[in-house]
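Please open the structure in your viewer and keep the sequence panel beside it. The tour below moves from one selection to the next and says what is found at each stop.

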Amino acid sequence: SSGPAVLASTVCAVILMFLVPRNALPAAALWLLVLLPVGYMYIPKVLGQYFAPSVLVIGIWMLRLAFAHRMIPLLRMPLRGWLISGPFLFLFFASALGSKLLPQSLGWGVVFTVCVIAPSVLGQICLDDVWPTVRRTFAGIGLFLGVLAASDFVFHFNPWTQFYRYEFLVRAGVFSTFRAFTSLGHPLVTSLVASVALVICVFPTGAAKRWFYWLGAIGATTALILSVSRSGVFAVGLAVIIGVLSGLVRSRQRSGDMQGRLGVVLITTAISAAVAWSPLLRRRNESAESVGSANYRSASVDKAMVLIGERPVLGFGPGTSPWVFGDRFRGPLENSALQLIVSLGIPAFLMLTLGICIIIAVAMRRTRAGAAAGIVAFSVSVVGCNAIDSGPAILGFITPLIVCAVMPQGGRPEQIASWPGCGDRTEDQRNTEGIPSSAA
C-alpha cells in the first residue's frame with residue numbers, strides 16, 4: 001500500500017517547512033498553488049479545495065512568524081488588524097452557529113483565517129523582507145504560465161490536462177474559442193493569476209534589474225490573452241491605476257520617477273489594449289456562448305438577491321453558498337462577492353471589504369505599488385469566479401501580498417519600539433530577546 005509512503009513523505013515535508021528559511025515559505029506556497037491544482041484533480045474536496053498543500057505551508061509560515069517573537073506576547077501589541085479581525089470573527093462565529101453545514105463552515109473559516117486574517121495581523125510584526133522573494137516568484141509564475149499557455153495554443157500540448165477531473169474537461173468543450181487552462185485547471189483562474197503576476201512585474205518596487213520582470217510580464221500577458229477573460233482586462237486596468245497612484249508620493253520626492261511612471265502607464269496601456277482587442281476575446285464576445293454566459297450571470301445576481309433577502313445579517317453560514325444556491329437554483333453562483341454575502345451576511349461582507357481597502361491604502365501610503373496593485377488585481381478578478389466559497393485555498397495567492405502590504409518599514413515594527421523599555425534597544429539586545437532582524 002502507498003499509504004505509509006504518502007504519510008512519511010508528508011511528515012518529512014512538514015518538518016522541512018520548519019527548517020527552511022522563513023522567506024522561502026511564501027514562494028513554496030505560491031508554486032504549490034500553481035503546480036498542484038488539487039482542486040481540479042481526483043482527490044477529496046476537503047484536501048483539494050480547502051486544506052491544500054499550499055494552505056499547510058502558509059499555516060506553517062504564519063506559525064513561524066508568530067513564534068519568531070517568542071519573548072513578546074502578541075496580544076499586547078496594538079495591532080491595527082484586530083480592529084477589523086475581532087468584529088469579523090464575532091460575526092463569523094454567529095453565522096456559523098446558524099449554518100446547516102457546520103463542517104464546511106468551520107473548514108472554510110480555518111482556511112480564511114490562515115490565508116487572510118493571520119497575515120493581516122502577523123504581517124505587522126514581520127521583520128523579514130519577503131517582498132523580493134514574492135515579486136521574483138510571481139515573475140517566474142507569469143513566465144511559466146505564458147510558456148504553458150502558448151504551448152497549449154500552438155502545439156495543443158498541456159501536461160497537466162491528464163490530471164484534471166473529467167467534468168472540467170467536458171466543460172472546456174462548450175467554449176466558443178480556445179481558452180488556456182495552463183496548470184491551474186480553469187481559464188478564469190489562469191486569468192486571475194496572470195493578472196496578478198502582470199501588475200507585480202510592472203511594479204517590481206525596489207528591483208535593481210528589470211529584465212526578468214519584463215520577461216514575466218510578457219509571459220503573464222500571453223497567458224492573460226489566451227485565457228480569454230473579460231474580467232482580467234478590468235482587473236489589470238484598475239490595478240495599474242492603483243499602482244501609479246501609490247507611486248505619486250515617491251514621484252514628488254524624486255523627479256526622475258515621474259518619467260518612469262509615465263513609461264509604465266504607456267506600456268500597460270498597450271498591454272491592456274492588446275488583451276482587450278485580441279481576436280480570441282472579440283470572437284468570444286460575438287459568440288452565442290458568451291451571450292449565454294452573460295445572461296446566466298445576470299440571472300444569478302437576481303437569484304442571489306433572493307437568498308440575501310432571506311438572511312441579510314448573518315447569511316446561511318460561512319462557505320455554504322455553493323450548496324445553498326445549488327439546492328435552490330440550477331447551476332453555480334459565479335460571483336465570489338455574492339457568494340460571501342450569501343454565506344456571511346451583509347455586515348461581515350462590508351467589514352471584509354473595508355479591511356481589504358485598508359490594507360490597500362496602507363500599501364499605497366508606503367509606496368508599495370506592486371503589493372497594492374496585486375491585491376487589487378486579485379480582488380477584481382476573483383469577483384467573476386466561482387472561487388472563494390467553492391475553493392477557499394485560492395486565497396493563498398493573496399496571502400504574501402497582504403504581508404508585503406502591512407509589514408513594517410525599516411525592518412522594525414513601530415509597535416515594538418513603542419512598548420515600555422523597547423524604544424532604545426540595540427540590535428544585539430533585540431536578537432537576544434528573540435526579535436530577529438532577518439529571516440531565520
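## A loop to begin with

Begin by selecting Thr-367, which lies in the loop between H18 and H19. Bear in mind that what you are viewing is a predicted model. Although Thr-367 is not a glycine, its phi is positive, at about 55 degrees. Thr-367 counts as buried because its relative accessible area is 15%, and the cut-off for buried is under 20%.

## The whole chain

Now zoom out and colour the chain by secondary structure, which shows 22 helices and zero strands. Of the 440 residues in the chain, 55% are buried. If you switch on the surface, the exposed area is about 19,300 Å², with carbon and sulfur atoms supplying 69% of it. Among the contacts in the chain with a separation of 6 or more, 81% are between residues 24 or more positions apart.

## H20 and two of its partners

Return to the helix that comes before your starting loop and select H18 (residues 346-365) together with H20 (residues 399-406), whose axes are 8 Å apart and which pack at an angle of about 55 degrees. The two helices are therefore oblique to each other, and H18 passes H20 in a left-handed crossing. To see the contact itself, show the side chains of Ile-359, Val-362 and Ala-363 on H18, and those of Ile-402, Ala-405 and Val-406 on H20.

Keep H20 selected and add helix H4 (residues 53-67), which packs with H20 at an angle of about 25 degrees, the axes being 11 Å apart. H4 and H20 are therefore roughly parallel to each other. In this pair the contact is made by Ile-58, Trp-61 and Met-62 of H4 and by Thr-399, Pro-400 and Val-403 of H20.

## The loop leading to H20

Next select Cys-385, found in the loop between helix H19 (369-383) and H20. Cys-385 is buried, its relative accessible area being 4%. Which residues does Cys-385 touch, not counting residues up to four places away in sequence? They are Leu-188, Glu-334, Asn-335 and Ser-336. A distance drawn between the C-alpha atoms of Cys-385 and Leu-188 should read 6.6 Å, although the two are 197 residues apart in sequence.

## Gly-317 and its serine contacts

Move on to Gly-317, whose place is in the loop between helix H15 (288-310) and helix H16 (321-328). Gly-317 has a relative accessibility of 0% and so counts as buried. Leaving aside its neighbours within four places in sequence, Gly-317 is in contact with Ser-95, Ser-99, Ser-105 and Ser-343. You may also select Ile-341, which is 24 residues from Gly-317 along the chain, with the two C-alpha atoms separated by 9.9 Å.

## Val-228 and helix H11

For the last stop, select Val-228 in the loop between helix H10 (211-227) and H11. Val-228 has a positive phi of about 55 degrees without being a glycine, and with a relative accessible area of 1% Val-228 is buried.

Then extend the selection to helix H11 (residues 230-246), whose 17 residues reach 25 Å from the first C-alpha to the last, close to the 24 Å expected at 1.5 Å a residue. Buried residues in H11 include Ser-231, Gly-232, Val-233, Ala-235 and Val-236, and further along the helix Ala-239, Val-240, Ile-242, Gly-243, Val-244 and Ser-246.

Notes
Residues numbered from 1 in each chain as written. Predicted model: local features only at pLDDT ≥ 70, side-chain atom pairs only at ≥ 80, totals over all residues. Heavy atoms only, no water. Helix = DSSP H or I, 4+ residues; strand = E, 2+ residues; numbered from the N terminus. Buried < 20%, exposed > 50% of the residue type's maximum accessible area, 1.4 Å probe, protein only. Contact = heavy atoms within 4.5 Å. Areas by Shrake-Rupley, 256 points an atom, 1.4 Å probe, with all protein chains shown as cover. Expected span 1.5 Å × (residues − 1). Axes fitted to C-alpha atoms, helices over the stretch in contact; angles between N-to-C directions. Parallel < 35°, antiparallel > 145°, perpendicular 65-115°, else oblique. Left-handed = near helix turned anticlockwise from the far one by under 90°.
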